[in-house]
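The exercises below are meant to be worked with the sequence and the coordinates open side by side. Try each task before reading its solution.

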Amino acid sequence: MGHLPGAVLRAPVPPALSPATFDILWGRHMHDRKPVQSWLTDMDGVLVHEGQPVPGAPEFVKKLRASGKPFLVLTNNSIYTPRDLRARLARMGLDVPEEAIWSSALATAQFLADQRPGGTAYVIGEAGLTTALHAVGYVLSDFAPDYVVLGETRTYSFEAITKAIRLINDGARFICTNPDATGPSVEGALPAAGSVAAMISKATGVDPYFVGKPNPMMMRSALNTIDAHSESTAMIGDRMDTDILCGLEAGLETILVLTGISSRAEAERYPYRPSRIVNSVADLIDEV
């Protein structure tokens with residue numbers, strides 16, 4: 001039997017429990033959470049898809065802004081600055097302030113500033129990452145840097161990758177903004193930071209520390225940015241393996257939308273579950 005649109009998908013009943021007992025425990029779990037007072041939402045696949053706004057997304061963002069509740073739009077893409085992303089979203093009818101955008105580049109910069117304030121880094125990436133690192137006081141250098149930081153770029157340079165390998169072999173710590181293996185384009189899949197990180201790891205024997213989703217560090221840094229608490233925050237995402245996993249491990253309510261990568265059938269195959277599944281953010285407008 002199919003699920004109703006927007007219906008909550010319940011976990012399977014463990015063999016040790018009767019269905020009636022499980023219904024009581026599951027219902028208690030679902031209602032124990034505090035009302036949602038702040039929202040985190042992924043961008044691609046949730047608000048926009050293939051360069052177009054998801055139906056209902058402009059209205060959802062407008063309602064979020066009018067509510068006064070703290071919110072952040074998250075992205076693992078480290079290419080763009082928040083100003084760039086605001087402009088790109090505005091062209092699609094989504095009015096998102098710069099301060100409401102949180103990228104893996106910003107999370108990486110914050111992580112490094114906390115770990116080693118005023119450090120140095122050799123960076124493979126674009127303006128989103130270099131600007132974020134400059135903003136926290138980092139110096140970009142290829143002379144004995146504290147870190148090699150790998151992010152997304154439209155043109156990965158063999159020369160830059162070779163330099164990164166040699167610096168890591170010489171003792172630089174290896175950081176990557178996110179583990180995504182591929183990224184989308186009109187022509188098809190493009191190699192992304194995770195694929196290049198695997199190449200560097202193979203050459204050096206050193207695995208990077210990934211800051212972006214599904215590392216819950218990304219969620220916790222986002223929560224800190226808007227002074228929100230996990231018990232009263234919801235994470236909306238379209239991918240079970242990043243958005244939902246990350247939100248779950250950070251203790252958030254998790255909402256899977258079906259406008260991006262993961263389907264309802266695919267969600268059933270994972271050993272963990274979102275708090276609920278809805279068709280799109282349009283189904284959440286009345287909850288904000």
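**Exercise 1. Backbone geometry in loops**

Locate Pro214 among the secondary-structure elements, and then determine what is notable about the peptide bond from Lys213 to Pro214.

Solution. In this predicted model, Pro214 belongs to the loop that joins β12 and α8. Turning to the peptide bond that leads from Lys213 into Pro214, one finds an omega near 10°, and the bond is accordingly cis.

Next, which loops hold Ala144 and Asp227, and is each of the two buried or exposed?

Solution. Begin with Ala144, which sits in the loop between β7 (139–140) and β8 and has a phi near 45°, a positive value in a residue other than glycine. Its relative accessible area is 60%, and since the cut-off for exposed is over 50%, Ala144 counts as exposed. Asp227 can be treated in a similar manner: the residue is placed in the loop between α8 and β13, its phi, near 55°, is again positive in a residue other than glycine, and its relative accessibility of 71% makes it exposed.

**Exercise 2. The six-stranded sheet**

Work out the strand order of the open sheet of six strands, and identify which strands form its edges.

Solution. Following the pairing from one side to the other gives the order β5-β4-β1-β13-β14-β15, with parallel pairing. The strands that pair on one side only are β5 (101–103) and β15 (276–278), and these are therefore the edges. From one strand to the next, the twist averages 25°.

As a closer look at one pair, take β1 (residues 38–42) and β4 (residues 71–75), which are joined in the parallel sense over four bridges; Asp42 has Leu74 in β4 as its bridge partner.

Now ask which helices pack on these strands, and at what angles. Helix α8 (residues 216–225) touches β1, β4, β5 and β13 (233–237), and its direction makes about 150° with that of β4. Helix α9 (residues 240–249) lies across β1, β13 and β14 (253–257), and runs at about 165° to β14.

Finally, examine Thr254, a residue of strand β14. Its relative accessible area is 0%, so Thr254 is buried. Beyond residues up to four places away in sequence, its contacts include Met235, Ile244, Gly247 and Leu248, as well as Arg273, Pro274, Ser275 and Arg276.

**Exercise 3. Helices with a buried side**

For helix α7 (residues 193–204), compare the span with the expected value, and explain how the buried residues are arranged around the axis.

Solution. The helix has 12 residues and reaches 16 Å from its first C-alpha to its last, close to the 16 Å expected at 1.5 Å a residue. The buried residues of α7 are Ala193, Gly194, Val196, Ala197, Ile200, Ser201 and Thr204. Because they cover an arc of only 160° around the axis, they lie on the same side of α7. In general, an α-helix has 3.6 residues a turn, so residues three or four places apart point the same way. The buried residues of α7 pack against β8 (147–150), α6 (158–169), β9 (173–176) and β12 (209–210). After the helix comes Gly205, with a positive phi near 75°.

Repeat the analysis for helix α5 (residues 127–135).

Solution. Here the buried residues are Gly128, Leu129, Ala132 and Leu133. They cover an arc of only 120°, which puts them on the same side of α5. Among the elements that cover them are α4 (104–115), β6 (120–124), β7 and β8. Following α5 is Gly137, whose phi is positive, near 90°.

**Exercise 4. Nonpolar cores**

Which members of the largest nonpolar core touch the most other members, and which element supplies the largest share?

Solution. The core has 31 residues, of which Trp39, Leu47, Phe60, Leu89, Leu94, Val96 and Ile236 touch the most other members. At least two residues each come from α2 (57–67), β4, α3 (82–90), β13 and β14, and the largest share, four residues, is supplied by α2. Leu89 can serve as an example: neighbours within four places in sequence aside, its contacts are Met43, Val48, Leu94, Val96 and Ile101. There is also a second, separate core of 28 residues, which includes Leu40, Leu112, Val149 and Met219.

Technical notes. Residues numbered from 1 in each chain as written. Predicted model: local features only at pLDDT ≥ 70, side-chain atom pairs only at ≥ 80, totals over all residues. Heavy atoms only, no water. Pairing = 2+ DSSP bridges. Axes fitted to C-alpha atoms, helices over the stretch in contact; angles between N-to-C directions. Contact = heavy atoms within 4.5 Å. Buried < 20%, exposed > 50% of the residue type's maximum accessible area, 1.4 Å probe, protein only. Expected span 1.5 Å × (residues − 1). Arc of directions from axis to C-beta. Core = buried A, V, L, I, M, F, W, Y, C linked by side-chain atoms within 4.5 Å.
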